[in-house]
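Welcome! Please take a moment to look over the sequence and the 3D view below, and then read on at your own pace.

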Amino acid sequence: MNAQNPKIKLQKSIPFAALLIFVSVLAACSDKGPQAVPGDQVSFKKHVLLTDFIAEGVAVGDVNKDGLIDVMAGPYWFEAPHWTVHELAPVKTFYYDKGYSDAFISYGMDVNHDGWIDFVRIGFPGREVQWFENPQNNPGHWKTHLITESLGNESAGFYDIDGDGRKELVGSIPETGEMVWFKAPTSSEDLTWQKFVISEPNSPGTAQFAHGLGVGDMNLDGRPDIIIKEGWWEAPADPTTGPWAFHPAALGEASAQMYAFDVNGNGLQDVISTSAHQLGMWWHEQIRDSQGNITWKTHDIDDAFTQTHALELVDINNDGNPDLVTGKRYFAHMGADPGEFDTPFVYWYEFEPGETPNWIGHPVDDDSGVGVHVITEDITGDGLIDIIVANKKGVFVFEQQRQPTKK
């Protein structure tokens with residue numbers, strides 16, 4: 001697919017508080033949300049929160065209850081609007097060319113129902129998952145709680161499995177080869193994360209360093225299924241009962257986050273994935289014959305850079321179509337992967353639907369890249385999706401802005 005001129009459109013920084021005031025004035029003048037724009041009218045202002053290697057993922061939430069969305073990564077939280085750094089855990093030293101951190105995919109949520117955003121952090125694949133209890137603006141490190149001693153698959157993450165509006169933790173237990181999900185605590189009186197088994201023992205996608213995991217409604221029955229590159233588990237009416245039925249499928253190479261989406265509009269769910277350590281972005285087309293037999297055909301999306309170890313499906317330009325956000329994971333294997341020394345891009349891909357769907361690549365930045373996941377949320381309150389990442393080059397916020405309409 002075609003990528004635009006890689007001239008990065010980054011604006012000079014303006015005070016974050018001033019931006020919020022401006023947005024509030026606009027909101028008061030109109031009840032309309034952001035309008036759809038062509039992709040070339042979208043730009044991003046880069047905020048560098050840190051240039052140290054502390055984590056491969058981030059979380060967001062209003063940590064101090066001041067009405068602004070903050071960022072959490074590794075041992076720190078960064079206070080908006082000026083991104084003041086605060087320690088939440090002991091700081092360790094990691095080297096981008098010598099190993100990994102102890103903080104991979106993360107999530108911000110009120111775990112203990114006290115009204116304050118806590119920090120949930122998946123460590124190195126196959127090791128512990130912890131949550132850090134918000135001290136409610138009191139000084140000192142946050143109290144640490146263990147969720148599980150081991151969680152595998154490099155794209156383990158947080159999804160609403162049971163439809164209660166609260167996200168759960170999905171990953172594998174490498175020691176048993178089981179895919180599982182952990183239900184977050186439902187009250188302040190019991191802070192246990194209850195484990196439920198999805199798969200049979202020794203199932204695919206459950207190894208410590210397995211690549212490729214997603215949640216999506218594959219059969220359009222309204223339930224969130226579990227997707228790996230070898231197939232998908234069909235969610236039962238009661239997701240706490242298992243094992244779930246497994247449907248083998250050929251869904252490409254080792255990947256990152258995976259998404260179920262009807263790419264070509266024929267009423268069948270396809271799967272989108274990206275290459276964790278090689279070259280490629282793909283959509284896997286579901287094909288059914290007259291007897292209902294299913295096969296899969298893989299189509300290329302782009303091959304502009306390697307190591308797209310993080311992927312989000314989200315509408316960036318408000319045109320009603322879900323776009324892709326990804327980038328190059330910087331120095332994933334300390335220089336051993338293809339393209340490790342190439343430009344660490346962040347990109348978004350504007351989706352053009354149709355019988356022959358297309359993605360147009362738009363560069364966001366050329367000196368950051370992604371880690372093992374990327375956050376896409378409106379953290380400025382202006383209705384525009386922002387991009388937040390952490391990796392071996394540091395921690396970054398890309399604040400979406402809109403360019404004037406071209407004449």
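The paragraphs that follow go from the whole chain to a few of its residues.

Keep in mind from the start that this is a predicted model. The protein chain has 1 helix and 27 strands, and along its principal axes the C-alpha trace spans about 60 × 55 × 45 Å. How does the radius of gyration agree with that of a compact globule? For 407 residues a compact globule would come out near 22 Å, and the protein chain has 21 Å, so the two agree. Of the 407 residues, 57% are buried. The contacts tell a story as well: among those with a separation of 6 or more, 51% are between residues 24 or more positions apart. As for the surface, the protein chain exposes about 16,800 Å², and carbon and sulfur atoms supply 50% of that area.

A good place to zoom in is His277. You will find His277 in the loop between strand 18 (270-274) and strand 19 (279-288). Is His277 buried or exposed? Its relative accessible area is 9%, so His277 counts as buried, the cut-off being under 20%. Two other histidines meet its side chain: a polar contact of 3.1 Å joins His277 to the side chain of His211, and another, of 3.5 Å, joins His277 to the side chain of His309. Leaving aside residues up to four places away in sequence, His277 also touches others, including Glu154, Gln307, Arg329, His333 and Asp337.

Next, look for aromatic rings. A pair of such rings is described by the distance of the centres and the angle of the planes. The structure holds 20 aromatic pairs. One of them is formed by Phe331 and Phe341, with 5.2 Å from centre to centre and 90° between the planes, which is an edge-to-face arrangement. Both residues of this pair are placed in the loop between strand 22 (323-327) and strand 23 (346-352), 10 residues apart. What sets their surroundings apart is accessibility: Phe331 is buried at 6% relative accessibility, whereas Phe341 is exposed at 67%. Another pair is made by Phe345 and Tyr347, where the centres are 5.3 Å apart and the planes meet at 85°, so this pair is edge-to-face too. Here Phe345 is buried, with a relative accessible area of 16%, and Tyr347 is buried as well, at 3%.

Rings can also be linked into a group. Tyr96, Tyr330, Phe331 and Phe341 are joined by ring pairs into a cluster. One member of that cluster, Tyr330, has a charge for company: the charged end of Lys393 sits over the Tyr330 ring, 4.6 Å from its centre. Lys392 does something similar with Tyr100, its charged end sitting over that ring at 4.8 Å from the centre.

Now turn to the backbone. Most residues other than glycine have a negative phi, and most peptide bonds are trans. Where does this model have a cis peptide bond? One joins Ala80 and Pro81, with omega at about 10°. Pro81 is in the loop between strand 4 (76-79) and strand 5 (84-87), and at 19% relative accessibility Pro81 counts as buried, because the cut-off is under 20%. Pro81 and Asp70 are 11 residues apart in sequence, with their C-alpha atoms 8.0 Å apart in space. A cis peptide bond also joins Gly242 and Pro243, with omega at about 0°. Pro243 has its place in the loop between strand 15 (231-234) and strand 16 (245-248).

Positive phi values can be found too. Lys65, which is not a glycine, has a phi of about 60°; this residue is in the loop between strand 2 (59-61) and strand 3 (70-73) and is partly exposed at 47% relative accessibility. For Asn137, phi is near 70°. Asn137 lies in the loop between strand 8 (127-133) and strand 9 (143-159) and is partly exposed, with a relative accessible area of 48%.

The last stop is Thr380, in the loop between strand 25 (375-377) and strand 26 (386-391). Thr380 is buried, with a relative accessible area of 4%, and its side chain is joined to that of Asp382 by a polar contact of 2.9 Å.

Notes:
Residues are numbered from 1 along each chain as its sequence is written. This is a predicted model: local features need pLDDT of at least 70, side-chain atom pairs count only at pLDDT 80 or more; totals for chains, interfaces and linings use all residues. Side-chain values use heavy atoms; hydrogens and water are left out. Helices (H or I, at least four residues) and strands (E, at least two) are DSSP runs, numbered from the N terminus. Buried means under 20% relative accessible area, exposed over 50%, partly exposed in between (1.4 Å probe, protein chains only). A polar contact is a pair of N or O atoms within 3.5 Å; within protein, one must be able to donate a hydrogen and the other to accept it, and residues adjacent in sequence count only if both atoms are side-chain atoms. Contact means heavy atoms within 4.5 Å. Rings of Phe, Tyr and Trp (its six-membered ring) pair if their centres lie within 6.5 Å; planes under 30 degrees apart count as stacked, over 60 as edge-to-face and the rest as tilted. A charge sits over a ring if NZ of Lys or CZ of Arg is within 6 Å of the ring centre and within 35 degrees of the ring normal. The radius of gyration is taken over C-alpha atoms; the globule rule is 2.2 Å times the number of residues to the power 0.38. Accessible areas come from the Shrake-Rupley method with a 1.4 Å probe; for residues, only the protein chains shown count as cover.
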